[in-house]
Amino acid sequence: MTNQQTNQQMDRQTDQQVHGTTDRTTDAARGGQGGAGGTTVVVTGATGRTGGAVAAAAAAAGLTVRAASRATGFDWADRSTWAAVLRGADAAYLAYPTDVGSPEATEAVGEIAREAVALGVRRLVLLSARGEDRALPTEEALAASGARWTVVRAAWFAQNFSAGPLAEELRASGRLVFAAAEGVREPFVDVRDIADVVVTALTSGDRWAGRAVEVTGPRLLTWGEAVAEIGAAAGRELTYRAVPVRDYRERLIAFGVPAAEADFLTDLFADLLDGHNAQVTDGVEAVLGRPARDFSAFAKEAGAEGVWG
């Protein structure tokens with residue numbers, strides 16, 4: 001699936017499967033003291049893939065994490081739930097649960113950003129999609145809110161291969177069928193790097209305010225090459241088969257994606273899976289001062305955990 005839409009769709013499919021993170025309400029969310037320096041950060045999608053990683057990275061940095069998910073009463077679709085989680089916070093990580101390029105995302109992100117600013121939340125970081133022009137209106141809605149904002153435009157997550165439908169397919173059948181043509185390359189990014197970039201942006205004053213950062217892994221891989229590396233790490237033969245974008249619609253529906261959303265994704269895939277994102281950026285290193293994690297390191301770690309059987 002797309003940089004952000006597929007990443008977020010995978011989060012919805014595996015909302016409770018994030019390793020090493022929990023959805024919790026901290027002392028600050030209950031009205032107590034904040035963490036280091038009194039900084040409280042709201043993390044939307046806190047039981048999802050990037051949200052879980054951001055929550056873990058923020059806690060490790062000494063921040064007080066205020067988890068925002070349906071488990072804690074927060075709902076992107078119910079604006080009456082927003083103020084309770086935002087009030088008294090210093091910063092927030094915004095990850096819209098479906099495509100950031102949809103009109104619904106533009107409206108919701110703009111409204112929650114304005115509400116956050118009105119409640120005194122000073123810093124906002126939005127997860128966006130790399131190379132998706134449809135996401136620009138949502139980014140602009142964030143910028144228009146008056147917040148000190150940062151946009152993190154992410155490549156496809158490496159972790160989409162280790163949890164959710166793609167991982168299940170690899171584990172069960174030994175192959176992955178997907179809509180990326182054999183020659184299309186992507187610089188898959190580790191969600192832990194995304195999380196570290198988000199936390200750095202939130203805690204670096206104005207250094208990254210008013211800027212969009214593109215984050216990728218350090219090298220380009222086709223989906224077939226990625227699956228081959230996963231197979232080597234898992235110690236079993238795994239294969240990849242590319243299918244036309246239009247033919248992938250039925251597989252999306254089988255994953256549980258509603259028909260209307262599958263139609264939207266089919267159109268989006270046709271735009272994005274054309275190779276125009278086949279470039280590596282230095283965004284991770286620029287923000288963190290270290291290279292991005294390599295896909296092979298991710299595959300070896302997940303393989304050692306027995307993710308692919």
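# Close-up views of a predicted model

**Strand 3 meets strand 4.** Strand 3 and strand 4 (residues 123–129) run parallel, joined by four bridges. Helices (H or I, at least four residues) and strands (E, at least two) are DSSP runs, numbered from the N terminus, and two strands pair if DSSP finds at least two bridges between them. Look for Leu94, whose bridge partner in strand 4 is Leu126. What is the handedness of the unit made by strand 3, helix 4 (residues 103–118) and strand 4? These three elements form a right-handed β-α-β unit. Right-handed here means that, with the strands pointing away from the viewer, the path from the first strand over the helix to the second runs clockwise.

This is a predicted model, in which local features need pLDDT of at least 70 and side-chain atom pairs count only at pLDDT 80 or more, while totals for chains, interfaces and linings use all residues. Residues are numbered from 1 along each chain as its sequence is written, and side-chain values use heavy atoms, with hydrogens and water left out.

**Strand 3 is covered on both faces.** Ala91 and Tyr93 sit on one side of strand 3 (residues 91–94), Ala92 and Leu94 on the other, and all of them are buried. Buried means under 20% relative accessible area, exposed over 50%, and partly exposed in between (1.4 Å probe, protein chains only). Strand 3 also has strand 1 as a parallel partner, through three bridges. In that pairing, Val42 stands opposite Ala92.

**Strand 1 pairs with strand 2.** Strand 1 (residues 40–44) and strand 2 are parallel too, with five bridges between them. Val41 has Val65 of strand 2 as its bridge partner. Why is strand 2 (residues 64–68) largely enclosed by the rest of the structure? It is because five of its five residues are buried. Thr64, Arg66 and Ala68 point one way from strand 2, while Val65 and Ala67 point the other way. In a regular strand, side chains alternate between the two faces of the sheet.

**Helix 2 links the two strands.** With strand 1 and strand 2, helix 2 (residues 49–60) makes another unit that is a right-handed β-α-β. Helix 2 reaches 17 Å from its first C-alpha to its last over 12 residues, close to the 16 Å expected at 1.5 Å a residue; the expected span is 1.5 Å times one less than the number of residues. Nine of its 12 residues are buried, so helix 2 is largely enclosed by the rest of the structure. Among the buried ones are Arg49, Val54 and Ala58. After helix 2 comes Gly62, with a positive phi near 90°.

**Trp223 sits in the largest nonpolar core.** This core has 37 residues, and those with the most contacts inside it are Phe161, Phe188, Trp223, Tyr248, Phe295 and Trp308. A nonpolar core is a set of buried Ala, Val, Leu, Ile, Met, Phe, Trp, Tyr and Cys residues joined through side-chain atoms within 4.5 Å. Helix 8 (223–234), helix 10 (259–272) and helix 12 (295–304) are among the elements giving it two or more residues. Which helix gives the largest share of this core? That is helix 8, with five residues. Leaving aside neighbours within four places in sequence, Trp223 is in contact (heavy atoms within 4.5 Å) with residues including Trp156, Phe161, Phe188 and Leu273. A second, separate core of 35 residues includes Ala46, Ala58, Val189 and Val199.

**Helix 7 is mostly covered.** Of the 13 residues of helix 7, 10 are buried, including Val191, Asp193 and Leu202. Gly205, just after helix 7, takes a positive phi of about 60°.

**Pro291 lies in a loop.** The loop runs between helix 11 (283–288) and helix 12. Buried or exposed, which is Pro291? Pro291 is exposed, with a relative accessible area of 53%. Not counting residues up to four places away in sequence, Pro291 touches Val284 and Glu285. Pro291 and Asp193 are 98 residues apart in sequence but 9.4 Å apart in space, C-alpha to C-alpha.

**Residues 10–36 have pLDDT below 50**. That score is the predictor's confidence in each residue, from 0 to 100. For the protein, mean pLDDT is 88, and 88% of residues reach 70 or more. Beyond near neighbours in sequence, the stretch 10–36 has 60 contacts in the model. Where pLDDT is low, the predicted coordinates should not be read in detail.
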